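Trainee: Before we use any labels for this model, I would like to see how each one is justified.
Mentor: Then ask for the reason behind each label.

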Amino acid sequence: MVQFNDLEDLLKRGNLNRGEFIRAAGMLGVSLSAVGAVLNGGADIVEAATCGPAAMRSRLTKKAHFKVGFAQSELTNPWRTAETNSMQSVFQQHKNRFSYSWNNAYSSTNKQVSNVEDFIAQKVDIIVVTPLQQDPLRAATAKALAACIPVFEIDRESSGKAGTDFVTFIGSDFVGQGKKVARWMVANTKGPINYVELYGTTGATPAILRRKGFHDVIDKQSRFHLLAGQDGNFTLAGGKQVMQNFISKYGQKIDMVYSHNDDMAFGALQALKSAGITKKVFIGTIDGQKKMIQDVAAGLVSVCVQSDPRFGPITFQTINNYLAGQKIPQWVVVHDHTYIKQNAASLVNTGF
Ligand code: AHR
């Protein structure tokens, strides 16, 4: 992979001009002060340095029509479909002001990085991205920044810093979601509890943070014992497969399942049913599909914390605020319900 030193060599040998050097360094995520130090300052550095979030915005506020590109990570479950439809629908209603397009990374981080690059090449005005994994998408955000295109991260965050490397993160409190499930289990179960955990996609912020939030609470309670945890990739098939493995190893010992999303919890329910396990197994999950809220109302699932995928309206509103010159918080928080047996029937309509 090309390093900053290589760029310096190319510059010294005359194989890169100053502008190419600045852009290439930006794509590597190198700071402008480091670039300026190599180039000894100059007007082109000052120009590149003005491409921070505030300057980007002031360039856009002069326009009347905007091209928005949304880089979706995958379409592997109803949550992703609901998010995609919500974005499409809101921008469709404002065609007079926004041209909207989206692309799908088909669960490939490399593809998502190159999809962001496609939007940069198309010279869109604004990029919205839901990073499949937090670290690899950092490079894509840096490239957009180098091209002076503001990035709004929705649902999941990359490992850059909101407010500096991208405009803002719009999304739920994933740590809080995990804590809510754990607190319910602590308050509503008794005695020793052996549990299994179905992890979301490795390297994705909801998988990392939902795990953290849950363990921050549950690990303080010595009566809870983790039998095993495994990546079920946020899909029904993945959750079912992982749960079948857990059942063949631990069978009736399993008292509780913590699933990082509804689809894997549906997979776990199917696996428990086909294994003929009829004992009470406490299930905690996150997302809030309508079908899941109904399962909570019916007592099949103990607790479900919402993670609302309908990002269209809040993203549209935030972009409009940004274009109107308002200060955008680093985190635009999406607030979520907690579904339990006592409230689920009356809240089914809040599901997707
Ligand atoms: O990033 C949010 C998570 O991604 C949702 O919980 C899950 O269903 C989706 O795939």
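Mentor: This is a predicted model. Start with Lys67, whose bridge partner in strand 2 is Ser99.

Trainee: What makes strand 1 and strand 2 a pair?
Mentor: Pairing requires at least two bridges between the strands. Strand 1 (residues 66–72) and strand 2 (residues 98–104) have seven bridges, in the parallel sense, so they count as paired.

Trainee: Which helix joins them in a β-α-β unit, and what is the hand of that unit?
Mentor: Helix 6 (residues 78–92) lies in the unit with strand 1 and strand 2, and the unit is right-handed. That label is given because the path from the first strand over the helix to the second runs clockwise, with the strands pointing away from the viewer.

Trainee: Why is Trp79 listed as a residue around the ligand?
Mentor: Trp79 is listed because the cut-off is a C-beta atom within 6 Å of the molecule. Asp155, Phe234 and Ser307 are also among the residues around the ligand. Helix 6 and strand 9 (282–287) each supply at least two residues of that shell.

Trainee: How does the shell divide by residue class?
Mentor: It has four nonpolar, three polar and five charged residues.

Trainee: What does Val257 touch, leaving out residues up to four places away in sequence?
Mentor: Val257 touches Tyr195, Val196, Leu198, Ala268, Val281 and Ile283. Val257 and Ala268 are also among the residues with the most contacts inside the largest nonpolar core, which has 79 residues. Helix 12 (residues 262–274) gives the most to this core, with seven residues.

Note on methods:
Residues are numbered from 1 along each chain as its sequence is written. This is a predicted model: local features need pLDDT of at least 70, side-chain atom pairs count only at pLDDT 80 or more; totals for chains, interfaces and linings use all residues. Helices (H or I, at least four residues) and strands (E, at least two) are DSSP runs, numbered from the N terminus. Ala, Val, Leu, Ile, Met, Phe, Trp, Tyr, Cys and Pro count as nonpolar, Asp, Glu, Lys and Arg as charged, and the others, Gly among them, as polar. A nonpolar core is a set of buried Ala, Val, Leu, Ile, Met, Phe, Trp, Tyr and Cys residues joined through C-beta atoms within 7 Å. A residue is buried if 20 or more other C-beta atoms lie within 10 Å of its own, exposed if 12 or fewer, and partly exposed in between; C-beta atoms are placed from the backbone. Two residues are in contact if their C-beta atoms, placed from the backbone, lie within 7 Å.
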